[in-house]
Amino acid sequence: MGGGSITGNSLKQSEIIQFRRMASLSNDIILKIHNHFSKFSVMKRDDGLIDYEEFCTLINRKENILIFKLFNCMDLNKDKKINFREFLTFISKFISGTKEEQIRITYKIFTDEEKNLITFESLFKIMKEIFQNIKDLEDFFDDYSLTNLIKETFQIVQSQEINYDEYKLIIEKNPSILYWFKINVNNL
Ligand SMILES: [Ca+2]
């Protein structure tokens, strides 16, 4: 079943059961996430899909590299639209996913797309956007302190570009990195 077939504001009981199995979330949370999804999927076009423009509105930010990466990570079938299945798959990883799943998905967000490795530049750009989204951290991390933080991060693995195994090692030492992506369902 393609997620694109789900339109409108209600999920069928059979769909809820299927999504509950897929995402190991409660019915209430799935409905909450679906309501949130529906609000945005009808904004520009009522097609039950979220396109890039609607996605920027959903995040309530102007287009930037972080939003672009999040959108690409969610868009599993690469049709430049997010269906509900893709949306739920992504969000559930940060609510009920394993640490390994969270490490895998955040690695994708931090990497330089061409090299498929984390470079100083790719990490700097994404971290800057993340900190701008976190109120308490925005003033704390200017470009200078961010540069130092990233230098320290690279020193942990003593390499110029960070591959997946090295990233895992970094997360073991700094698990708080994953909390930046934590999704508070109550805010949906
Ligand atoms: Ca898609």
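The following paragraphs describe the fold, the nonpolar core and a few individual residues of a predicted model.

The chain contains 11 helices and 2 strands, and these elements follow one another along the sequence in the order α-α-β-α-α-β-α-α-α-α-α-α-α. Of the 188 residues of the chain, 23% count as buried. When contacts between residues at least 6 apart in sequence are considered, 52% of them join residues that are at least 24 apart.

The largest nonpolar core is made up of 29 residues, and those with the most contacts inside it are Ile50, Phe87, Leu88 and Tyr167. Two or more residues of this core come from each of the helices H1 (13–23), H2 (27–41), H4 (65–74), H5 (84–95), H6 (99–110), H7 (120–133) and H10 (164–173), and H5 gives the most, with 5 residues. Because domain 1 (13–96) and domain 2 (99–186) both give residues to this core, the core lies between the two domains. Around Tyr167, once its neighbours within four places in sequence are left aside, the residues in contact with the tyrosine are Ile103, Tyr107, Ile118 and Ile162.

Helix H4 may be considered in further detail. The buried residues of H4 are Leu66, Leu70 and Phe71, and since they cover an arc of only 135° around the axis, they are placed on the same side of the helix. The cover over these buried residues of H4 includes helix H3 (52–59) as well as H6 and H7.

Histidine 36 is found in helix H2, where the residue counts as partly exposed because 16 other C-beta atoms lie within 10 Å, a number between the limit of 12 or fewer for an exposed residue and that of 20 or more for a buried one. Although histidine 36 and leucine 58 are 22 residues apart in sequence, their C-alpha atoms are 8.9 Å apart in space.

Two residues that are not glycines have a positive phi, namely serine 24, with a value of about 40°, and lysine 80, with a value of about 65°. Serine 24 is located in the loop between H1 and H2, whereas lysine 80 is located in the loop between H4 and strand E2 (81–82). Serine 24 is exposed, because the number of other C-beta atoms within 10 Å is 11, and lysine 80 likewise counts as exposed, with 11 C-beta neighbours inside 10 Å.

Notes. Residues numbered from 1 in each chain as written. Predicted model: local features only at pLDDT ≥ 70, side-chain atom pairs only at ≥ 80, totals over all residues. Core = buried A, V, L, I, M, F, W, Y, C linked by C-beta atoms within 7 Å. Helix = DSSP H or I, 4+ residues; strand = E, 2+ residues; numbered from the N terminus. Domains from an automatic or database assignment. Contact = placed C-beta atoms within 7 Å. Arc of directions from axis to C-beta.
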